[in-house]
Amino acid sequence: MNYNKKIKTTLAKIKNLNLNGMDEDKNILKKAFDIAFDNDTFALYKYCAPLQEKYKAILLSKFAEVSGSLAFLAIQILAANAIMNKNSFSRKERFFKKKCGIAINHLHLKTTQVQAKKVKNGYLLTGTLTWASGYTIFDSLLVGFHYKEYELEVLSSFKNKKGFIISPACDTFVGYSINTVNIELKDFFVKDKNIVSSHHLGNYSKNRSVAKSIHYCIYGLGKAAIKESNNISFKTESKLLLKKKQDVVISCRDAKELSILRVELFLFVQELITTAMVLNGGKSIFTHSSFQRYYREIIMFNTNGLNQNLKDIFLLKYKNES
């Protein structure tokens, strides 16, 4: 099936669910995620590299239009699958059949959050995994850790077990359904055969700097807000402006420029949502209105994957405009 048609049929099924409730209820979110998984929408590894990025942009922006929480989990499984595929992981076909999340963001930090001790047939991991999303939705988890001068990624099942202690879900004002938890690792054993990658320290930060997933999701929220607007001239002008900004993102290959574009896109779409809401009037505050969800979800995406560079760009823009 053509990938665009695959996305269309998937969304048609998902739209029958309670979209506003999907942000709070993990059971509704799981139904949507399972529909997308069963329809093979996350299997971008089956396509050539240029098409993978093109289809990722389509998938994330389209999913973000109906549910930021769904798009957020999509980012994670796409990342897990891409990492397995890129590193020619020998057991990747087995894990492609599973729903895999990630707990690797801490690898960008200069300090070690999860350390390892080499033992027979594997490693013993000790440390804390924060912001592990998709508990009870994902089957497996890609875990990042340090060993000597290397950063490694390994697959584990995502459930409470000896040495793998899962906290209650974090209480968040947005994306509560994502079921984000912290995990304490206490001499948790992982197998050598489940090691997906091993690279020198800094590899993760280097690869993450050119990622565009958050840009695609913010763009999707902008499209959704435009569709909800009832002001024709605003819709027409906003479509053109948003499309121009997305085209710049798609053509960009420079990591520093992508960070600047992310900040600019966020500020533009945030204002777009506000303007669309105001033009629609006071009814925008009702819970059945999608605007309240767009407001929360754009904050969720913008606080994801922050590094010092992004924080500095935001601070500089604030000072320049104050």
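In strand β5 (residues 150-157), the bridge partner of G144 is E153. The strands concerned, β4 and β5, run antiparallel and are joined by 8 bridges, pairing being assigned where DSSP finds at least two bridges between two strands. Strands, like helices, are DSSP runs numbered from the N terminus, with at least two residues (E) for a strand and at least four (H or I) for a helix. The model is predicted; local features were taken at pLDDT of at least 70 and side-chain atom pairs at pLDDT 80 or more, whereas totals for chains, interfaces and linings use all residues. Residues are numbered from 1 along each chain as its sequence is written, and side-chain values use heavy atoms, with hydrogens and water left out.

Strand β4 spans residues 140-147, and 8 of its 8 residues are buried, so the strand is largely enclosed by the rest of the structure. Here, buried denotes a relative accessible area under 20%, exposed over 50%, and partly exposed the range in between (1.4 Å probe, protein chains only). In a regular strand the side chains alternate between the two faces of the sheet. In β4, S140, L142, G144 and H146 point one way, while L141, V143, F145 and Y147 point the other way, and all are buried. On pairing with strand β1 (residues 100-103), β4 takes the parallel sense over 4 bridges. Within this pairing, S140 of β4 is the bridge partner of C100.

The hairpin formed by β4 and β5 has 2 residues between its strands, and K148 lies in the turn. The phi angle of K148 is near 55°, a positive value in a residue other than glycine. In contrast to the buried residues of β4, K148 is exposed, with a relative accessible area of 65%.

A second hairpin is formed by β2 and β3, also with 2 residues between the strands. N121 in this hairpin takes a positive phi near 70°. Strand β2 covers residues 114-119 and strand β3 residues 122-132; the two pair in the antiparallel sense over 6 bridges. Opposite positions include V119 and G122 of β3, as well as K117 and L124 of β3. Strand β3 is further joined to strand β7 (residues 181-191) by 8 bridges, and these two strands run antiparallel. In that pairing, L129 stands opposite I183 of β7.

Helix α4 (residues 68-86) contains Q76. This residue is buried, with a relative accessible area of 7%. Contacts, defined as heavy atoms within 4.5 Å, were listed for Q76 without its neighbours within four places in sequence; the partners are C100, G101, I102, S133 and F138. One of these, C100, is the residue whose bridge partner in β4 is S140. The loop between α4 and α5 (92-96) holds S88. S88 has a positive phi of about 50° although it is not a glycine, and its relative accessible area of 56% places it among exposed residues.

N20 is located in the loop between α1 (3-14) and α2 (26-38). N20 and S289 are separated by 269 residues in sequence, yet their C-alpha atoms are 8.4 Å apart in space. Residues up to four places away in sequence not being counted, N20 touches T287, H288, S289, S290, Q292 and R293.

For the protein chain as a whole, the secondary structure comes to 11 helices and 8 strands. The radius of gyration over C-alpha atoms is 20 Å, which agrees with the value near 20 Å for a compact globule of 322 residues; the globule rule is 2.2 Å times the number of residues to the power 0.38. Taken along the principal axes, the C-alpha atoms fill a box of roughly 65 × 45 × 40 Å. Of the 322 residues, 51% are buried. Among contacts with a separation of 6 or more, 72% involve residues 24 or more positions apart.

The accessible surface comes to about 15,900 Å², with 54% belonging to carbon and sulfur atoms; areas were computed by the Shrake-Rupley method with a 1.4 Å probe, and for residues only the protein chains shown count as cover. The chain has 49 positive and 27 negative side chains, and the centres of the two sets lie 6 Å apart. Lys and Arg count as positive and Asp and Glu as negative, whereas His and the chain ends are not counted. Charges were placed at NZ of Lys, CZ of Arg, CG of Asp or CD of Glu.
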